[in-house]
Amino acid sequence: MNHKLIKDKIEQYQTIIIHRHLRPDLDALGSQIGLYEAIKTTYPDKDVYIVGDESRFDVVGKMDIIPDSLYKDALVFIVDVAVRKLISDDRYDLAKEVIIIDHHTNSSDIKGAIEYIDTSYEAAAAYIADILFELDFKISPLGADVLLSGIITDSGRFQYLKDGARLFSIASKLCKLGANPLELYDWLYLEDVDTRLMKIKFQSRIEIEDGVAFLKNPLEVVNEYPDKDVFTISRGLVNLMAGIEGVPIWANFTYDKEEHVILGEFRSRGIQIVDIAKKYGGGGHDNACGAALENWDQVELVINDFKKLIKETEE
Ligand SMILES: [Mn+2]
């Protein structure tokens, strides 16, 4: 893909606004803030903004509050996401031009956008870092640090490698630029006593049927943990079921009080499951994906699809 156009466009615009997905993880924020840092460090006179919903990671960088009028002559980047319903702040439609940089398998539904979607990258932050190196951008130590955070978290701390040689090489370059993952690792591996006790409780409720491990967390269960958000319970606990012999697929189903849906988080080892997530309106990666389900009957359908898939794979 011709990445040079990205630099040409950046040079062409005075105002640049960077969007990412709703309820951001560290890859979304690392991609967004990393790109911001690179543009600002390379072109200090440009007006660059980051926008989106607040998150529990806001220590990394505060989002900018900007008026609609700024979009009129602006170039917008959308990172770590390509589909409308998942993008935080829908004002990208007001921009003069939109460039998408993503690594998810969903193709974009934004008409007229310039798309850079490369699913061979483990993290959007890795793709962006690679582009920035290729185009000789300067990257600040903070920029390098947040990009590496995105890489570490989206790759499952360097577990889910698609091109290990490339990913470690990108990480090496970011470390040379001042990224220091020690602080991130200390934080990632730290949890409070309540969380540890909660995990023990959930672990004792794991069900296993025909090679599929699952947890069902209805409203009653969620209400037992008023200070934990739905993602701490769903995405945060799905891998309690990882690493069980004879269980290649595991799923965590959690009632979301705000959206009135059941959040399904799906993971697998050696079997591609993203097509099942897509079948139920979700998406993500081959072995780590999810979908918002309407009711508990749908949850049973998903579990049955997983069982069927395991059976078919064995045949
Ligand atoms: Mn990502």
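**Exercise 1.** State how β10 and β11 pair, and place the two strands in their sheet.

Solution. Step 1: β10 pairs with β11 (residues 288-293) in the antiparallel sense, over 2 bridges. Strands are DSSP runs of E, at least two residues long, and helices are runs of H or I of at least four residues, both numbered from the N terminus. Two strands pair if DSSP finds at least two bridges between them.

Step 2: One bridge joins Gly283 to Gly290 in β11.

Step 3: The open sheet has 6 strands in the order β6-β7-β8-β9-β11-β10, with mixed pairing. β6 (207-209) and β10 (283-284) are at the edges with a single partner strand each, so one side of each has no neighbour in the sheet.

The model is predicted: local features need pLDDT of at least 70, side-chain atom pairs count only at pLDDT 80 or more, and totals for chains, interfaces and linings use all residues. Residues are numbered from 1 along each chain as its sequence is written.

**Exercise 2.** Describe the two domains and the contact between them.

Solution. Step 1: Domain 1 covers 4-188 and domain 2 covers 193-314; the bounds come from an automatic or database domain assignment.

Step 2: Taken over C-alpha atoms, the domain centres are 28 Å apart. The contact takes 5 residues from domain 1 and 5 residues from domain 2, where contact means C-beta atoms, placed from the backbone, within 7 Å.

**Exercise 3.** Give the number of helices and strands in the protein, and the span of its C-alpha trace.

Solution. Step 1: The protein has 11 helices and 11 strands.

Step 2: Along the principal axes, the C-alpha trace spans about 60 × 45 × 40 Å.

Conventions. Contact = placed C-beta atoms within 7 Å.
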